[in-house]
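Thanks, everyone. Please have the viewer open, because I will jump between residues. I'll start with a backbone detail and work outwards.

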Amino acid sequence: MSTEAHGEEAAGLVFHPMDQFMVKPLFGGETLNWYTLSNATLWMGLTVVAIIALLVFGSRGRAIIPSRIQSIGELAYGFIHKMVEDVAGKDGLRYFPYIMTLFLFILFSNVLGLLPLAFTPTSHIAVTAVLAMLVFLSVTLIGFYKHGLGFLSLFWISSAPLALRPILALIEVISYFVRPVSHSIRLAGNMMAGHAVIKVFAAFAPLVLISTGVGLAVTPLSIMAITAIYALEVMVAFIQAYVFTILTCVYLKDALHPHH
Amino acid sequence: MEGDIAQMGAFIGAGLASIGMGGAAVGVGNVVGNFLSGALRNPSAAAGQTATMFIGIAFAEALGIFSFLVALLLMFAV
């Protein structure tokens, strides 16, 4: 990120739209070590606390007529369970706990990151790359464990003409290794881009304080734009968690049934 | 002066990279449009295919996100 000083200036609030993604130590100080408590640590911790709270309070009552929180818990469970079963098949249900964990972590950190002054852990490629690499490694290991070298038939498309198969195999291998890259960048890029757009419009919002001429038109427009994009971001937060998990299910299906 | 020209090149490159978003927009619109036209012909089959639509959107959108990444790299890493 740029190193110039951003902050309050005479002409109103001036801030850089990417400033919100800076990882800062929570309790003062400048240096970040691996043990430093930073805002990333705080919001990941809050994410985990929120998930535990949802599932503990949701499953405590076990009422036949569910309370509101129990309904939400059951809805989340059923939604992911059905998705794994539909996409990865019955034998993919063994890996359901991992996929449920992934979905809830990404969904809650996306949604909590939408709170004002919050920090979104999933907007950092460092976070999403770890999630995507874990998926990639575990799916590859599962494939080799279940099928041995037969897993390589994923790259050898037997329905294609023989002359085309080596070329297709090369393309398949490349696309297989690009998977963790696109998997992680899609989530981080979406979260980062949406938050940066909100901040760009937020920079236009106080224009009425500077010039009453243009500002009278620009300020209401940008406030409406912030509202609209915020609503879009709530949707994107859910859709990106959904997309990440459903792609995990697709990769898992490839590992469990590699034969075309 | 030379640094300024290099920075100008990076800025122009970042702007050019954002043209890639248009491609992603065309791709995502294509996926959803075709899904809708199919779904309106046979609404009973639509519910089972929404997951496939989202996978298609994700693949189309990833390439647009790559252009965003190129812009970010030019702005902050080069």
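A:R62 counts as exposed, because it has 8 C-beta neighbours inside 10 Å, and the cut-off for exposed is 12 or fewer. Bear in mind that this is a predicted model. What is odd about the backbone of A:R62? Its phi is positive, about 50 degrees, although A:R62 is not a glycine. And where does A:R62 lie? In the loop between α1 and α2 of chain A. So it comes after α1(A) in the chain.

There is another case. A:L117 is not a glycine, and its phi is positive too, at about 70 degrees. A:L117 lies in the loop between α3 and α4 of chain A, with α4 running over 125–147. Is A:L117 buried or exposed? Exposed: 6 other C-beta atoms lie within 10 Å.

Back to the helix ahead of A:R62. α1 of chain A covers residues 39–60, which is 22 residues. From first C-alpha to last, α1(A) reaches 31 Å. At 1.5 Å a residue you would expect 32 Å, so the span is close, by the usual rule for a helix.

Which residues of α1(A) are buried? They are A:A40, A:W43, A:T47 and A:G58. These residues sit on the same side of α1(A), because they cover an arc of only 80 degrees around the axis. What do the buried residues pack against? Against α2 and α3 of chain A, the latter being 96–112. Now turn the helix round. On the other side of α1(A), the exposed residues are A:G45, A:V49, A:I52, A:A53, A:V56 and A:R60.

On to chain B. Chain B has four helices and zero strands. Along the sequence the pattern reads α-α-α-α. How does its radius of gyration compare with that of a compact globule? Chain B has 18 Å, whereas a compact globule of 78 residues would be near 12 Å. Look at the box along the principal axes: the C-alpha atoms fill roughly 65 × 15 × 10 Å. Burial in chain B stands at 12% of the 78 residues. Now the contacts in chain B with a separation of 6 or more: 89% of them join residues 24 or more positions apart.

Take α4 of chain B next, residues 50–77. This helix has 28 residues and reaches 38 Å between its first and last C-alpha, close to the expected 40 Å. α4(B) has a kink of about 25 degrees, centred on B:A62. B:A62 is also one of the buried residues of α4(B). The others in that list are B:A58, B:E61, B:G64, B:I65, B:S67, B:F68 and B:A71. Their packing partners come from both chains: α5 and α6 of chain A, together with α1 (2–17) and α2 (20–41) of chain B.

That brings us to the contact between the chains. How many residues take part from each chain? 14 from chain A and eleven from chain B. On the chain A side, α2 (68–88), α5 (165–204) and α6 (212–256) each supply at least two residues. α5(A) gives the most, with six residues. By type, the chain A side divides into nine nonpolar, three polar and two charged residues.

One caution on reporting. The size of an interface is often given as the accessible area lost when the parts come together. What I have shown here are residue counts, 14 and eleven.

How values were computed
Residues are numbered from 1 along each chain as its sequence is written. Chains are lettered from A and ligands numbered from 1 in the order in which they are written. This is a predicted model: local features need pLDDT of at least 70, side-chain atom pairs count only at pLDDT 80 or more; totals for chains, interfaces and linings use all residues. Two residues are in contact if their C-beta atoms, placed from the backbone, lie within 7 Å. Ala, Val, Leu, Ile, Met, Phe, Trp, Tyr, Cys and Pro count as nonpolar, Asp, Glu, Lys and Arg as charged, and the others, Gly among them, as polar. A residue is buried if 20 or more other C-beta atoms lie within 10 Å of its own, exposed if 12 or fewer, and partly exposed in between; C-beta atoms are placed from the backbone. The arc is that of the directions from the helix axis to the C-beta atoms. The radius of gyration is taken over C-alpha atoms; the globule rule is 2.2 Å times the number of residues to the power 0.38. The bend at a residue is the angle between axes fitted to the seven residues ending there and the seven starting there.
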